[in-house]
Structure formats: C-alpha cells, structure tokens
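Visitor: I'd like to walk through a protein model and hear the reasoning behind the labels people put on it. Could you show me one?

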Amino acid sequence: MKRIGITFIALLALAAPAMAGHVATIGTGTCGSCHRTNLVTQHGGFVATVCQTCHDSTVAAVKDTIATGVAGQPYTCSNCHGAETHLSKHGDYAANFAAYNGVEPVTSGIWTAPSSYTKVTPATKEYQVCVKCHSSNGLGSTTNSVSGVTGPSGLLLTDQAMEFSQYNRSGHPIVTGLNNYPNSPAPKALVKTQLSSPWNVNMGKQTMKCFDCHGADGKLVGVGRDWPYNSATGQLWKLGDASNSKLFCKNCHPLVNTNNTHSESNHSKYPCVYCHTRVPHGGKVSRLIVTFTSGLPSRYYPDGKGGGTPSLQDKLLRYTKATSASRYDTPSCDADCHGSHQNTTGEAW
C-alpha cells in the first residue's frame, strides 16, 4: 500500500506542471460564466486522443495558442475557437438538435430545481439541448431559479429546466402537454377561444419548442416582438393594449374577451406584469400568475430586478384558478385594486 501511495503522489507531481499551463483561460470573461473547470478537464481529461486533438493539430491558431501557453503568456478560449459564440450557433442547435448531445432534467415537486440531469446522447427533443446550458446544469447552482450569470439583456439568466418542469402549477408546454401537469388544478389547459391558430387544436396535449418563441439570436420572434415593454412608448404593456399586434403574447393568444377578468373594464389600466410573470416560461402559481409575496424571485418582478411593483393596494397576493374562463369573481384573488378582493386560501409565491 505504501508503494501505491508513493506512486500516486509521484503521478500527481508529474501532472502538476502539465496542469499549470492549462488553467489560465478558464473562469474569466464570458466563457468562464459556464466553463468553470481547467482546460484539460473541460476538453475531456487526461485522455491521449483528447490531448492529441490539440497537440498534434496542424491548425495555425491552435499551434500558436499552445506556443503562447508554453511561453507563460495569457490566452483565451477565442484563441482557438475564434469569435464564434454559442449565441451565433443557436440556429444550428435548433435545426439539428438530434446531432447534439443533451440532458433530461430529473424534476419533482412544485417550483423545485432538478435534482440531477440524465445525459441524452443524442438529444431526441430540442429542449434537451437548450437546458444543457440554460439551467443549473450549465449555469451552476441557482437560487429560486435565478442564476448568477448575466444574459445579453443585462438581466440574470434563469433555470429553464426548473421553469418548464411539468410539476409546476403552470407553464408553456415545452416538456409535455398541460394535461400532464399533475399539480395544476383543473382546468389544466386553455380552451380553443383562448388560443390562436395553429395552437387552438389539441389543447392540453400539444407541446411547443423553444424556437417557437425565440430566434437564433435569442430574441423574441413573431409579428409581435415586444415584451414586457411597448417599444414605441417605453411603457409596460397594459391590458388595455391587448389589441395591439406588437404585443408578443398576441402571436398565440387573442387576449381580448377571452376570460371575464380580461373583460373587466377596471382592469384595463393595469400592466400585464402586475398579474402575470415577466418570464412566462413556468411558475409556482396557476396561469403564470405572480403574487407579490416573499417567495417571488426578483427576476420575475415587473422590471426583472425586484422592482417596478404596483402600489400597496394594487398588489396581487393570492390567486385561485376558476372552474372556467367565465367564472372568475372577486374572491378569485386577494388584492384591493378594485373594491374588495379577499382570498386567504389561494395560491401564492
């Protein structure tokens, strides 16, 4: 055993100089937001074929980078990989997702982070490639779904594996149809009149893809691309703007007269994000409703940073889903925005 221990220590000593030249690039800049390990581990570990991929390469950029490292000079991921970013490759990820490896989140419980991720090689569904990075699997640990990584919007990225979990009470059906959300109170799915073509069929059974809403650049797609602000005014969209085709939600939802809450004239002055989450992937409360209570993450507030909240009397605190779109009444929520809404037993963040 003593000889084995000495041999192991000797191997570590031999490895140390090799590792020393492979650390500088990882953990800095934008690449370091996700790629946090040392360069050797990041490219597959101490495996001969992996080492030879770079050290036997005839590509000038790779050879120059190795020479730079040997000389003790700093270098970055772009020395070998160029200026191409993951963002520029999103289109290929979506079009050819089956050519990439992905992960399947292992989730359970309402608004609970995945306990683990199962490798899927190759991916069989588009979201399995997306959540490989856009989740705690790629972003590192998250708190209440919010990561420590800032996205292109200037706001923190969220854990989409947690948001799209079918164990939440609401969400857009990326992983499975809404009828398969066990913790969602009935009625689980929307009805035909609450959806526009081609989504107004197979309600509760249909699923969608990430790229139904996002383009290759990560931005929103469709006739309407503004959310949560109206780009023409810089103001938050209000229910009274529901007929404006620039509103992103209008791409799939008629919005006007689709439930008796939206038909209530006193509600027309309120911004959409006073009732619905700014990040409409999925949520702890039914129908993507937000309640301005202690469990609501700052990223899901109207301004995406914990601010922009309604006045004290207008804050939504609890919500109960009605048995149909026309059966909402004052006890459906707890707020003082109009008259007296009292609800002490409904859902809340």
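Guide: What follows is a chat about how the labels on this predicted model are earned.

Visitor: Let's start wide. What makes up the secondary structure, and how much of the protein is buried?

Guide: There are nine helices and eight strands. Of the 349 residues, 38% are buried. The exposed surface comes to about 18800 Å², and carbon and sulfur atoms supply 57% of that.

Visitor: How many of the contacts are between residues far along the chain, 24 or more positions apart?

Guide: If you take contacts with a separation of 6 or more, 53% of them join residues 24 or more positions apart.

Visitor: Why is helix 7 called mostly covered?

Guide: Just go by the count: helix 7 spans residues 126–133, and six of its eight residues are buried. Those six are Glu126, Tyr127, Gln128, Val129, Cys130 and Val131.

Visitor: What covers the buried residues of helix 7?

Guide: The cover includes helix 6 (90–95), strand 1 (102–106), strand 2 (116–120), helix 8 (136–139) and helix 9 (160–163).

Visitor: Which residues have the most contacts inside the largest nonpolar core?

Guide: Tyr127 and Trp227, in a core of 24 residues. Helix 7 gives the most to this core, with three residues. There is also a second, separate core of 18 residues, with Val146, Val285, Phe292 and Leu296 among them.

Visitor: What is Trp227 in contact with, beyond its sequence neighbours?

Guide: Leaving aside residues within four places in sequence, the partners of Trp227 include Leu220, Trp237, Leu247, Phe248 and Cys249. Cys272, Val273, Thr277, Arg278 and Pro280 are also in contact with Trp227.

Visitor: What makes the peptide bond from Trp227 to Pro228 stand out?

Guide: That bond is cis, with omega near -5°. Pro228 is in the loop between strand 5 and strand 6. The bond from Ser197 to Pro198 is cis too, with omega near 5°, and Pro198 lies in the loop between strand 5 (170–171) and strand 6.

Visitor: Now Pro297. How do you know whether Pro297 is buried or exposed?

Guide: Buried means under 20% relative accessible area. Pro297 has 5%, so Pro297 counts as buried. You'll find Pro297 in the loop between strand 6 (282–283) and strand 7 (318–319).

Visitor: And what does Pro297 touch?

Guide: Not counting residues up to four places away in sequence, Pro297 touches Trp111, Asn144, Val146 and Trp349. Take Val146: Pro297 and Val146 are 151 residues apart along the chain, yet their C-alpha atoms are separated by 7.3 Å.

Visitor: Trp111 is on that list. Is Trp111 buried or exposed, and what is odd about its phi?

Guide: The relative accessibility of Trp111 is 9%, so Trp111 is buried by the under-20% cut-off. As for phi, Trp111 has a positive value of about 50° although it is not a glycine. Trp111 sits in the loop between strand 1 and strand 2.

Visitor: Arg287 has a positive phi as well, near 55°. Why is Arg287 called partly exposed?

Guide: Partly exposed runs between the 20% and 50% cut-offs. Arg287 has a relative accessible area of 21%, so the label is partly exposed. Arg287 is in the loop between strand 6 and strand 7.

Visitor: How many aromatic pairs are there, and why is the one between Trp111 and Trp349 called edge-to-face?

Guide: The count is six aromatic pairs. For Trp111 and Trp349, the centres are 4.9 Å apart and the planes are at 80°. Pairing needs centres within 6.5 Å, and edge-to-face needs planes over 60 degrees apart, so this pair gets the edge-to-face label.

Visitor: What does the pair of Trp111 and Trp349 tie together?

Guide: Trp349 is in the segment after strand 8 (333–334) and Trp111 in the loop between strand 1 and strand 2, so the pair ties together parts that are 238 residues apart in sequence. Both Trp111 and Trp349 are buried. Ring pairs also link Trp111, Tyr300 and Trp349 into a cluster.

Visitor: How do you know that the pair of Phe292 and Tyr301 is edge-to-face?

Guide: The ring centres of Phe292 and Tyr301 are 5.5 Å apart and the planes are at 65°, so the pair is edge-to-face. Phe292 and Tyr301 are both buried.

Conventions: Residues numbered from 1 in each chain as written. Predicted model: local features only at pLDDT ≥ 70, side-chain atom pairs only at ≥ 80, totals over all residues. Heavy atoms only, no water. Buried < 20%, exposed > 50% of the residue type's maximum accessible area, 1.4 Å probe, protein only. Helix = DSSP H or I, 4+ residues; strand = E, 2+ residues; numbered from the N terminus. Contact = heavy atoms within 4.5 Å. Core = buried A, V, L, I, M, F, W, Y, C linked by side-chain atoms within 4.5 Å. Areas by Shrake-Rupley, 256 points an atom, 1.4 Å probe, with all protein chains shown as cover. Phe/Tyr/Trp six-rings, centres within 6.5 Å; stacked < 30°, edge-to-face > 60°.
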